[in-house]
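Here is a short tour of a protein model and the ligand it holds. Please keep the sequence and the 3D view open as you read.

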Amino acid sequence: TVQDSSAPAPPIIRKKITSHVGFSSLPNQVRRKSVKEGFQLTVMVVGESGLGKSTLINTLFNSPVCAPRAAERPRTVAIENIEADIEENGVRLRLNVVDTPGFGDFVNNEDSWNPIIQNIEQRFEAYLSQENQIRRTRMHDTRVHACIYFIQPTGQSLKEIDIELMRRLHDRVNLIPVIAKADTMSQDDVADFKERILSDLEFNGIQIFQAPVYEDDDEESIAEADAVSRAIPFAVVGSTRVVRTASGRLVRGRAYPWGFVEVDNPEHCDFVLLRQMLVRTNLEELRAYTNQFLYERWRSVTLLARGVVQDESAFMESDPTERLREERLIHEAKLAKMEGVMKQVFQEKVEMQEKKLKQSEVELYARHKEIKDGLDRQWAQLIEKKNRLTGL
Ligand code: GDP
């Protein structure tokens with residue numbers, strides 16, 4: 001018995017965009033498949049407020065799909081779904097961007113990440129309920145295929161809040177970390193920061209999306225995949241403003257007294273690589289990994305937790321790697337259960353200790369009261385004595 005997600009779906013803003021994104025140059029085979037199945041790529045953007053998430057979405061779509069802050073939207077307060085049809089050289093694709101509220105707006109950070117996790121799981125849930133329908137129509141896949149995580153360009157270690165949230169995200173989504181507003185750092189600092197981020201992620205056991213490089217691809221594809229993979233975490237700059245460079249070229253970028261940062265110039269930032277990865281190089285991998293691994297893991301654990309017994313014979317006949325994976329999931333679920341029991345025992349012990357402490361507190365209080373009463377009595381006797389003496 002699987003319930004449909006009861007939470008109201010976030011509002012969808014639909015736009016049609018004709019500007020160039022780059023997918024029309026997808027390898028033919030991928031494009032044919034995507035067009036046939038209906039291109040549905042859902043990308044979620046996550047990170048602290050003011051790091052340029054909305055600006056990057058607009059840069060990605062090359063269109064003001066996210067209203068400027070000051071006007072209609074003073075701040076992203078709820079999860080928003082921006083669905084855009086992109087048409088390029090006669091090919092029509094639908095890209096769905098989920099804009100999440102930034103942190104720092106909440107007193108308690110749990111309040112900012114819980115809705116994000118819930119939103120990801122509701123999308124899994126919606127897919128599961130479609131799978132469970134006896135008459136399956138065409139599956140509508142709204143699962144999050146990629147999660148762009150914005151990191152503040154501090155040049156220092158990752159913040160605790162980022163580690164905490166990424167830990168909760170990495171086994172639910174393809175995590176793609178990016179350094180926000182990379183134009184505020186020098187190229188050398190960006191390179192150092194990238195290394196530091198990667199080692200922090202590794203140290204904390206956070207898995208990010210690994211763009212695979214296939215050795216049997218043609219040279220150009222290998223070079224492209226390699227460039228994408230080496231650039232993670234992408235150092236991005238967002239801007240939809242067109243500026244005129246010293247040589248008179250009109251480019252999207254940010255102007256500074258000392259020069260320009262061009263959004264679409266791979267020598268200036270990794271924006272092009274990020275876009276390329278999403279809609280070109282790793283489009284299929286992002287979708288496949290979400291479907292075959294992230295969703296499947298969530299599904300197995302969820303069904304197990306709900307007590308849905310999987311068909312044993314079908315399980316035994318299944319592909320051995322599939323079986324191993326399922327066994328591992330079951331093992332993980334068991335571990336999680338054990339952890340739950342351990343937590344409960346620990347909680348009970350803490351409660352017992354607290355009770356003991358309370359008890360000694362009561363005893364201490366009684367003792368204190370006893371001493372105080374004694375002293376009060378002595379005080380009263382002394383006063384009485386004094387009065388008697390002065391009365392003489
Ligand atoms: P959000 O809260 O994460 O959605 O952030 P916004 O997209 O609203 O951007 C917050 C501010 O940062 C705005 O003033 C943007 O113009 C500015 N901004 C956005 N992207 C960049 C960037 O790549 N570099 C710089 N220097 N500023 C940016």
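The report goes from the whole chain to a sheet and then to the ligand.

This is a predicted model, in which local features need pLDDT of at least 70, side-chain atom pairs count only at pLDDT 80 or more, and totals for chains, interfaces and linings use all residues. Residues are numbered from 1 along each chain as its sequence is written.

The chain has 10 helices and 10 strands (DSSP runs numbered from the N terminus: H or I of at least four residues for helices, E of at least two for strands). Of its 392 residues, 31% are buried, meaning that 20 or more other C-beta atoms, placed from the backbone, lie within 10 Å of their own.

Now to the sheet. Three strands form an open, antiparallel sheet in the order β8-β9-β10, where pairing requires at least two DSSP bridges between strands. Because β8 (242–244) and β10 (259–262) each have a single partner strand, one side of each is left without a neighbour in the sheet. Strand β9 (residues 250–256) joins β10 through 4 antiparallel bridges, and tyrosine 256 stands opposite glycine 259 in β10.

Finally, the ligand is surrounded by 16 residues, each with its C-beta atom, placed from the backbone, within 6 Å of the ligand. The closest are Gly52, Lys53, Ser54, Thr55 and Lys181. Helix α2 (residues 53–61) gives the largest share of this shell, 3 residues. The table sorts the shell by class.

| Class (members) | Residues in the shell |
|---|---|
| Nonpolar (Ala, Val, Leu, Ile, Met, Phe, Trp, Tyr, Cys, Pro) | 2 residues |
| Polar (the others, Gly among them) | 9 residues |
| Charged (Asp, Glu, Lys, Arg) | 5 residues |

Methods
Buried ≥ 20, exposed ≤ 12 C-beta atoms within 10 Å, placed from the backbone.
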